[in-house]
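Thanks, everyone, for making time this morning. I would like to take you through one sheet and the strand at the heart of my talk, and I will go slowly.

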Amino acid sequence: MDTQDEPRSLAVRTGTRKDYEHRLTWVKPSFLWMMYRCGWGEKKDQETVLAIEVEREGFDWALGRACLSHYDPDEHGDREVWRRELKGAPARVQWDPERDLLLRALPYRSLQLGLAGEASRRYADEWTVSVTDVTPLAHEVRARVRSGDLAGAAALLPRERPYPAPGGTPGLGRVSRGACSNA
């Protein structure tokens, strides 16, 4: 089994690739936000950190069919309209504060994309290009942060760049203006 098959096999065994009919799968494109969420891979049931590369076409498909995960009167004139949209949407968007190496909130937001039903199935069966276990990287970055070697930790971070989200991405206008208030 090569290194690409091992994490994919782990994902299959733990249900993350076929359990899409019954749960929401959250895609977190930011490494440091993921470290915040999983506690550097130390939180219970979050000890394995996988980097999953997906096709851009699939990611954009999900963004184009997403609904905000929370009610926003500027985007949804009526709370009931939002509830209906959310219930029928195959994806939902949430904007959370990005994190620094000490996992402190930064003044700008990072996208979290929740996938359900068709979107989750397509993510697992069609859009996934590769799965890589980055748990050792998470632990090494954490170790350097804890030892005070922030420059060394920063040098290990995966290269990330802003994603040019397609027009119509829920909440994008508010985030771009810095007006997003959900935390």
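What follows is a description of the sheet, its pairing and the helix that packs on it.

First, a word on the source: this is a predicted model, where local features need pLDDT of at least 70 and side-chain atom pairs count only at pLDDT 80 or more, while totals for chains, interfaces and linings use all residues. Residues are numbered from 1 along each chain as its sequence is written, and side-chain values use heavy atoms, with hydrogens and water left out.

The sheet is open and mixed, with 4 strands in the order 1-5-4-3, where strands are DSSP runs of E with at least two residues and helices are runs of H or I with at least four, numbered from the N terminus, and where two strands pair if DSSP finds at least two bridges between them. At the edges, pairing on one side only, are strand 1 (25–27) and strand 3.

Now to strand 4, residues 91–99: 7 of its 9 residues are buried, so this strand is largely enclosed by the rest of the structure, buried meaning under 20% relative accessible area with a 1.4 Å probe, protein chains only.

With strand 3 (residues 66–68), strand 4 pairs in the parallel sense over 3 bridges; Cys 67 has Arg 92 as its bridge partner, and Leu 68 has Val 93. With strand 5 (residues 105–115), strand 4 pairs in the antiparallel sense over 8 bridges, and here Trp 95 stands opposite Leu 111. The hairpin of strand 4 and strand 5 has 5 residues between the strands, and in it Leu 103 takes a positive phi near 65 degrees.

How values were computed: Buried means under 20% relative accessible area, exposed over 50%, partly exposed in between (1.4 Å probe, protein chains only). Contact means heavy atoms within 4.5 Å. Axes are lines fitted to C-alpha atoms, for helices over the stretch in contact, and angles run from 0 to 180 degrees between N-to-C directions.
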